[in-house]
Amino acid sequence: GIAEIEYSLSTGNISDAKALLTSLSGAYPGNEALAFQRAQVSLNEKKYPETLKTLDGLLVNEPGNEKYLRLLALAQEASGNPAGASSTYTRLISSGTSVSELLLLRAESFRKTGETDKALADVEKFLDIYPGDKAALSR
């Protein structure tokens, strides 16, 4: 099932993940969990437009779904859209999701768009939460 797809992706076996996904999608058309797996497979294949389209469809029904938004931000970043990723990270932070990691991810997106003041502000917020954490300083 879905765990097998996730395992295949985690081991880099995209072809097995795709085969499992195709089989399950035929048996369970319209299943949102499978649609999310399809987005993950597409991302692993670097098929970013397909990934973004699938996630946009999922977010119509669940606009605040953290898992969907996190993958959307990753796909936006991977597709060369750091501005979109920073916007998605802002949505996650505004929703009350645990912010520490998201602040660093958003800072990196801001850095890529040239918004260094915003990037530095996010790193400072992170360091307010975790003083002395080297992860923030290495970005």
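This passage walks through the fold, the cores and a few individual residues of a predicted model.

Starting with the overall picture, the protein chain is helices from end to end: nine of them, with zero strands. Read along the sequence, that gives the pattern α-α-α-α-α-α-α-α-α. Along the principal axes, the C-alpha atoms take up a box of roughly 50 × 30 × 25 Å. Of the 139 residues in the protein chain, 39% are buried. As for how the chain meets itself, take the contacts with a separation of 6 or more: residues 24 or more positions apart account for 39% of them.

Next, the inside. In soluble globular proteins, nonpolar side chains tend to be buried together. Here the largest nonpolar core has 27 residues, and those with the most contacts inside it are Phe36, Leu55, Leu58, Tyr68, Leu71, Tyr89 and Leu102. At least two residues of this core come from each of H3 (32-44), H4 (48-61), H5 (66-78), H6 (82-94), H7 (100-112) and H8 (116-129). There is also a second, separate core of seven residues, with Ile5, Ala17, Leu34 and Val41 among them.

Phe36 deserves a closer look. Setting aside residues up to four places away in sequence, Phe36 touches Leu55, Leu58, Lys67, Tyr68 and Leu71. One of these partners, Lys67, lies over the face of the Phe36 ring, at 4.7 Å from the ring centre. As for ring-on-ring contacts, a search of the whole structure turns up one aromatic pair.

Helix H4 has 14 residues and runs 21 Å from its first C-alpha to its last, close to the 20 Å expected at 1.5 Å a residue. Its buried residues are Tyr48, Thr51, Thr54, Leu55, Leu58 and Leu59. These cover an arc of only 135 degrees around the axis, so they sit on the same side of H4. An α-helix has 3.6 residues a turn, so residues three or four places apart point the same way. The buried residues of H4 pack against H3, H5 and H6, while the face turned away from that buried side carries the exposed Pro49, Lys53, Val60 and Asn61.

H5 comes next, with 13 residues and a reach of 18 Å between its first and last C-alpha, close to the 18 Å expected at 1.5 Å a residue. The buried list for H5 reads Tyr68, Leu69, Leu71, Leu72, Ala73, Ala75, Gln76 and Glu77. What covers them includes H3, H4, H6 and H7.

H8 also keeps to the expected geometry: at 1.5 Å a residue its 14 residues should span 20 Å, and the end C-alpha atoms are indeed 20 Å apart. Buried in H8 are Ala119, Asp122, Val123 and Phe126. Their arc around the axis is only 100 degrees, which puts them on the same side of H8. The other side of H8 shows the exposed residues Asp117, Leu120, Glu124 and Asp128.

A few polar residues turn up on the inside. Asp122, in helix H8, counts as buried because its relative accessibility is 2%, against a cut-off of under 20%. Beyond its neighbours within four places in sequence, Asp122 is in contact with Leu103, Arg106, Ala107 and Phe110. Gln37 is found in helix H3 and likewise counts as buried, at 2% relative accessibility. Leaving out residues up to four places away in sequence, Gln37 touches Ile2, Ile5, Glu6, Leu9 and Leu21. With Leu21, the separation is 16 residues in sequence and 7.4 Å in space, C-alpha to C-alpha. Ser109, in helix H7, is buried at 0% relative accessibility. Apart from neighbours within four places in sequence, Ser109 is in contact with Glu77, Pro82, Ala85, Ser86 and Tyr89.

Finally, a backbone oddity. Most residues other than glycine have a negative phi. Lys46 is not a glycine, yet has a positive phi of about 65 degrees. Lys46 is placed in the loop between H3 and H4, and counts as exposed, with a relative accessible area of 58%.

Conventions:
Residues numbered from 1 in each chain as written. Predicted model: local features only at pLDDT ≥ 70, side-chain atom pairs only at ≥ 80, totals over all residues. Heavy atoms only, no water. Core = buried A, V, L, I, M, F, W, Y, C linked by side-chain atoms within 4.5 Å. Buried < 20%, exposed > 50% of the residue type's maximum accessible area, 1.4 Å probe, protein only. Helix = DSSP H or I, 4+ residues; strand = E, 2+ residues; numbered from the N terminus. Contact = heavy atoms within 4.5 Å. Expected span 1.5 Å × (residues − 1). Arc of directions from axis to C-beta. Phe/Tyr/Trp six-rings, centres within 6.5 Å; stacked < 30°, edge-to-face > 60°. Lys NZ or Arg CZ within 6 Å of the ring centre and 35° of its normal.
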